[in-house]
Every structure is written in C-alpha cells, then in structure tokens.
Amino acid sequence: MSSTVITNIAALVTNDPSLGWGSPRSSKFESGGGSPLGLIQDAAVVIDGDHVVWTGESSKAPATDNRVDAGGRAVLPGFVDSHSHLVFAGDRTQEFNARMSGRSYSAGGIRTTVAATRAATDAELEANLTRYLAEALRQGTTTFETKSGYGLTTEDEARALRIAAAHTDEVTYLGAHIVSPDYADDPAAYVALVTGEMLDACAPHARWIDVFCEKGAFDGDQARAVLTAGRAKGLHPRIHANQLSYGPGVQLAVELDAASADHCTHLTDADVDALASGSTVATLLPGAEFSTRAEWPDARRLLDAGVTVALSTDCNPGSSFTSSVPFCIALAVRDMGMTPDEAVWSATAGGAAALRRTDIGRITPGARADLTLLDAPSHVHLAYRPGVPLVSGVWRRGERVV
C-alpha cells in the first residue's frame, strides 16, 4: 500500500463535529446556525491504502509517497445514496411524458417494469445496473443501497438480489413493493409468500428488508408482518413511509427501530416527534417529488425538531429516474428548506446514518477513503450551480476512479 496526500484544498468537508459547530442534532444545525460540516480551510487529507489517516491544514501535512494538488478546490466525502431501485429492465418514457403533459396514463406503472424485468436475462439486468452505477460514480456517489422489487416472484426477487450483491453490500429485499399482479385477487396470499418462501430464498443475499406501506400497496398490519418476518431472518428493517398520504409507516418504522423511513412527505406532529425521539433516519427523496410534481417534504420542519435527515436519489425508472445526488442537493436547498450545509451533510453523513455505517460519509482518520473533488472552491456550488457537472475527481476505497 502507498500513501497519498491531497493538498491545496480550498475547503475540506470532514463531517467531524469536533472541527465544526457540533452534531447535526444540536441547535447550531438549525436555520441560521453554524455549519455541521467540520470545514477545514486550506486543507489537506492523507490516504494510506483504503483509509483516511490524517486531515488538517495543508502546511502541516506529513510526507507521503504520492501528492495530488487539489488546485484550490473543495473536497467532500463521497455521496452515500441510501435508497435506489437499480435492478430493472424496460423504460417508462411514455408514462413520464404523459404525466408532464397533463394527460392520464394507464400503462401500468410499476407493473410495466415488473413485466420487463421478468423477461430480461441476468446479463441484461446486470448491464443495466452497472451502467447506472457508473453514471452515479461519475457524479460523486461512492456508496449506494439498492433494492429488489421488480420481480415479485421468488425466483425473480432472489436473482435481483444476487445481481445487486455482486456490486454492493447494501442490498435490500423489497418483495413487498406492490402486491404482485399474480396475486391481485388475494393480497393475503402474497404477503404469506413474501414472508415465507420468498424470504427464505432472498434473505441470504440481502442485509435489509423493506416494504411500501401506503394505500394501494401494503397497510400497517401487512407491513408489520413483512418487517418482523424479515427481522426474524436477520434482515434489518427499512420502510417506504408516508409518501402519498398520511399513514402508519413512520410510527411503525420507529417502533421496529428501522434504520430509515423513506419519503416522509405527509407527516403529523406525532410522526415528527417519533422520529426525533428515536434512531430512525428520515430519508428524503426530492427526485420523486420533482418527477411527479408532488408536494415537497418539509425538511426544515424535521431538522428543527432534531430529526436526523438523509438525502437520496430514489433512482428508479418510474418516479425518479435520476442518479444525481448533486441534483437532489440542489432541489433540497431550493424547495425543501435546507441550507447548503445541511443538504451536503444529509447526502453524506446522513446517508451513512441511514445505512447505520460509521466508516463512510466523513473524512476523518479511520474512515474509508471515499472522497469527491469538486471543480469549485466550495461545496455550496452544488446548490449554487445546479445542473453543472462539478465533480472532477472521485476516490473510492483509496483508489482514484474518476
């Protein structure tokens, strides 16, 4: 292994509270407060092998085998995309075009993708997955979670997870995405399948279990059955909660100690209080609201209540077909009440918290060496210059890959 120093960094985002204004739960994280990012000006970072071993001022950097001049640009942790749906086939362009044109569209939504995914070969699914992973990497994403959920048979869900597990450790079993079209007349039988035979086949390939708790998908009792069955098999819960309407999803997430409640668009005061008092992260997915012209989640309300917030892409072919975390950061700042500092924290350290990881989402000694170099002097440019390809370098596990 060799060591490398990246020096002449205009602004280094460490996400180390001891270098900044305290933890994201502190009052300093509120609107108008200080930065949660642990910023170091005129900074350097030293990588040895696949880990960070030193951060500080450039003038104090230790000697290393290799040297990279950041050229007065910003460096931040690699983005942690903690919610995506990347094992799929097919295209839903017509559906999106109709929705944006104000026309009704009845081609079947998720069911369209299910049919295409079932018909695809393993090689086709993997090629699609790696295409979008490479696209995300070029935009600074170094850790991603992805789910099954477009197979909805035992065989197709298991193969989706096997394919995903070859590319990430953060794999989620989502057999309970919607009730399979094959069980449209017997949802209870489908829940029995998801919690029985399908779970047995899928659990060896996954770390997480998820369910879409929403009207038209799975109600609170069904969601509880799915998550508790998964937990009994060693999978940790996450949940699609309160996206389209008020419902029991968030409360169930906190009760079951789910790592994350995702979407969180329609929340009561009791929901917010529950999130603030528990360890469940609220993962917000602004790409979905952008792509469906839906109501934005109120990030400001959550942050002011002391909730830990993550930002993620929700990359999927139907409701949020973006792999760009920088785009989601810009949306969160513009339309969800977040400051640039809060949005960047939520897309890095927040995503790590949503995956219950402490080795990523920060640039501190001992952390995995996942870094993003911007062609800009500050992380604020991610919101200040929306749509501009600012990522000019990416290190993952200590290796420069972009």
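## Exercises on a predicted model

Not counting residues up to four places away in sequence, tyrosine 150 touches His85, Val87, Phe88, Ile110, Thr113, Val114, Thr117, Glu157, His177, Asn316 and Pro317 (contact: heavy atoms within 4.5 Å). The model is predicted: local features need pLDDT of at least 70, side-chain atom pairs count only at pLDDT 80 or more, and totals for chains, interfaces and linings use all residues. Residues are numbered from 1 along each chain as its sequence is written, and side-chain values use heavy atoms, with hydrogens and water left out.

**Exercise 1.** Place tyrosine 150 and state whether it is buried or exposed.

*Solution.*
- Step 1: tyrosine 150 sits in the loop between strand 6 (141-147) and helix 4 (154-165).
- Step 2: its relative accessible area is 2%.
- Step 3: tyrosine 150 is therefore buried (under 20% relative accessible area; exposed is over 50%, partly exposed in between; 1.4 Å probe, protein chains only).

**Exercise 2.** Do the same for glycine 318.

*Solution.*
- Step 1: the loop between strand 13 (309-311) and helix 12 (325-335) holds glycine 318.
- Step 2: glycine 318 has 10% relative accessibility, so it counts as buried.
- Step 3: leaving out residues up to four places away in sequence, glycine 318 touches Arg92 and Arg99.

**Exercise 3.** Which residues does the UniProt annotation "binding site" cover, and why do they gather at one spot?

*Solution.*
- Step 1: the unreviewed UniProt entry lists Tyr150, Asn316 and Gly318; such annotations may be inferred rather than shown by experiment.
- Step 2: they span 169 residues in sequence, yet no two of their C-alpha atoms are more than 11.4 Å apart, so they gather at one spot.

Definitions and conventions: Helices (H or I, at least four residues) and strands (E, at least two) are DSSP runs, numbered from the N terminus.
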